[in-house]
Amino acid sequence: MNDDLPIRVLHETEAYARARRGGAKPVKFTLDLYGGKVNLAIETTADRVTLADIVPAARTLSSIITAAACRSVQLQGRKIACHKGCSACCNYLVPLSVPEAFRLRQEIKAMPMVRRAVIEQACLTAAKKIVDKPPPALFGEPTDIKPADSPAELLNVASKWYANFKLPCAFLCKSVCTIYEERPLACREYWVTGKAQACAGAAGEPEGIFIPVRMSEILGRLTAELEDAGIEGIVMPLAPIWAEENQQRGKRTWSADAIIAKFVEITQNEISRGNVEMGTAG
């Protein structure tokens, strides 16, 4: 565990042990996942935090939730196609929430100079292509793609537009993600079943696994409520530049207790909704 993180997610037993040793008093909560209960806690060591500070906690929760989703699928006899070395989805449109964009900028800045320069150049090259050819369906320009009437259709339109660039992920090297532990939530929450060849379009269509709550969406809602604004998404190659241009926004702080309370509330509400959708509400 990285004790430098101002906000951390702990399993209940670990939180209890740390509290007995004089650690900060954690906020306990329970996730109802696939008919079972996971008892967790969130601990903070700071009075005030930024949006970027909540991202590691969201990543931890995302890993717990997606692991439960994958176990459920495997118990049904279905095979997970995703594996190390498969990069079929690494040229997809990856939207980042505002907190993730700020966190990604921090993590890139902390990289060794040579690696940082390579990634920044890759992001800059991709950004230039994107800016030079914005998605026409979103701006009312003539296009063969029908206008979007819903968020899902909007994402589909944007995904088709982005696919035309054939841009490899700036963090991909020899078909391996170089920031796997810090990869975006949208990547963490994309798992498919079936044959790996399907992802490359060679053997039918891959079937995505249903995730009862997506932390990428939770962070979007959390930011919108904290800032009293709309939900935003930033295309990954643009994220470092966007975060650089919005540094003051990234430095804004809130009460750590207030952010954690709101984060847990939104997460539990969305899991309840997801369980109802799956028919596994307890």
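1. A residue is called buried when its relative accessible area is under 20%. Threonine 44 has a relative accessible area of 13%, and therefore counts as buried. The structure discussed here is a predicted model, and the points below return to this residue after an overview of the whole protein.

2. Overall composition. The protein contains ten helices and eleven strands. Of its 282 residues, 41% are buried. The exposed surface of the protein comes to about 15400 Å², and carbon and sulfur atoms supply 53% of that area. Among contacts with a separation of 6 or more, 78% are between residues 24 or more positions apart.

3. The three-stranded sheet. Three strands form an open sheet, in the order S1-S3-S2, with antiparallel pairing. Strands S1 and S2 (27–33) are the edge strands, and each of them pairs on one side only. From one strand to the next, the twist averages 30°. As general background, the strands of a sheet pair through backbone hydrogen bonds, and the pairing may be parallel or antiparallel.

4. Pairing within the sheet. Strand S1 (residues 7–11) is joined to strand S3 (residues 36–44) by five bridges, and the two run antiparallel. Within this pairing, arginine 8 has glutamate 43 of S3 as its bridge partner. Seven bridges join S2 to S3, again in an antiparallel arrangement. There, threonine 30 stands opposite asparagine 39 in S3.

5. Cover on the sheet. Which strands does helix H2 (residues 55–75) touch as it packs on the sheet? The helix touches S1, S2 and S3, and its direction makes about 30° with that of S2. Strand S1 is itself mostly covered, since four of its five residues are buried.

6. Threonine 44 in its setting. This residue belongs to strand S3. Which backbone oxygens lie close to a polar atom of its side chain? One is the backbone oxygen of proline 6, which lies 3.0 Å from a polar atom of the side chain of threonine 44. The side chain of threonine 44 also reaches the backbone oxygen of alanine 46, at 3.2 Å. Threonine 44 and valine 27 are 17 residues apart along the chain, and their C-alpha atoms are separated by 8.8 Å.

7. Threonine 193. A second threonine may be examined in the same manner. Threonine 193 lies in strand S8 (residues 192–193). Is threonine 193 buried or exposed? Its relative accessibility is 7%, so threonine 193 counts as buried. Leaving aside residues up to four places away in sequence, threonine 193 touches Val73, Arg78, Lys79, Ile80, Ala81, Pro206, Glu207 and Ile209. In the case of arginine 78, the two residues are 115 residues apart along the chain, while their C-alpha atoms are separated by 6.6 Å.

8. Helix H3. Helix H3 (residues 98–109) has twelve residues, which at 1.5 Å a residue should span 16 Å; its end C-alpha atoms are 17 Å apart, and this agrees with the expected value. Why may H3 be described as largely enclosed by the rest of the structure? The reason is that ten of its twelve residues are buried. The buried residues are Val98, Pro99, Glu100, Ala101, Phe102, Arg103, Leu104, Arg105, Glu107 and Ile108. The student should note that this list includes Arg103, Arg105 and Glu107.

9. Helix H7. The same check of length may be applied to helix H7 (residues 215–227). Its 13 residues should span 18 Å at 1.5 Å a residue, and its end C-alpha atoms are 18 Å apart, which agrees. Ten of the 13 residues of H7 are buried, and the helix is thus mostly covered. Among the buried residues of H7 are Met215, Ile218, Leu219, Leu222 and Leu226, together with Ser216, Thr223 and Glu227. Just after H7, aspartate 228 takes a positive phi of about 55°.

Technical notes: Residues numbered from 1 in each chain as written. Predicted model: local features only at pLDDT ≥ 70, side-chain atom pairs only at ≥ 80, totals over all residues. Heavy atoms only, no water. Buried < 20%, exposed > 50% of the residue type's maximum accessible area, 1.4 Å probe, protein only. Pairing = 2+ DSSP bridges. Contact = heavy atoms within 4.5 Å. Expected span 1.5 Å × (residues − 1). Polar contact = N/O pair within 3.5 Å; in protein donor to acceptor, adjacent residues only side chain to side chain. Areas by Shrake-Rupley, 256 points an atom, 1.4 Å probe, with all protein chains shown as cover. Axes fitted to C-alpha atoms, helices over the stretch in contact; angles between N-to-C directions.
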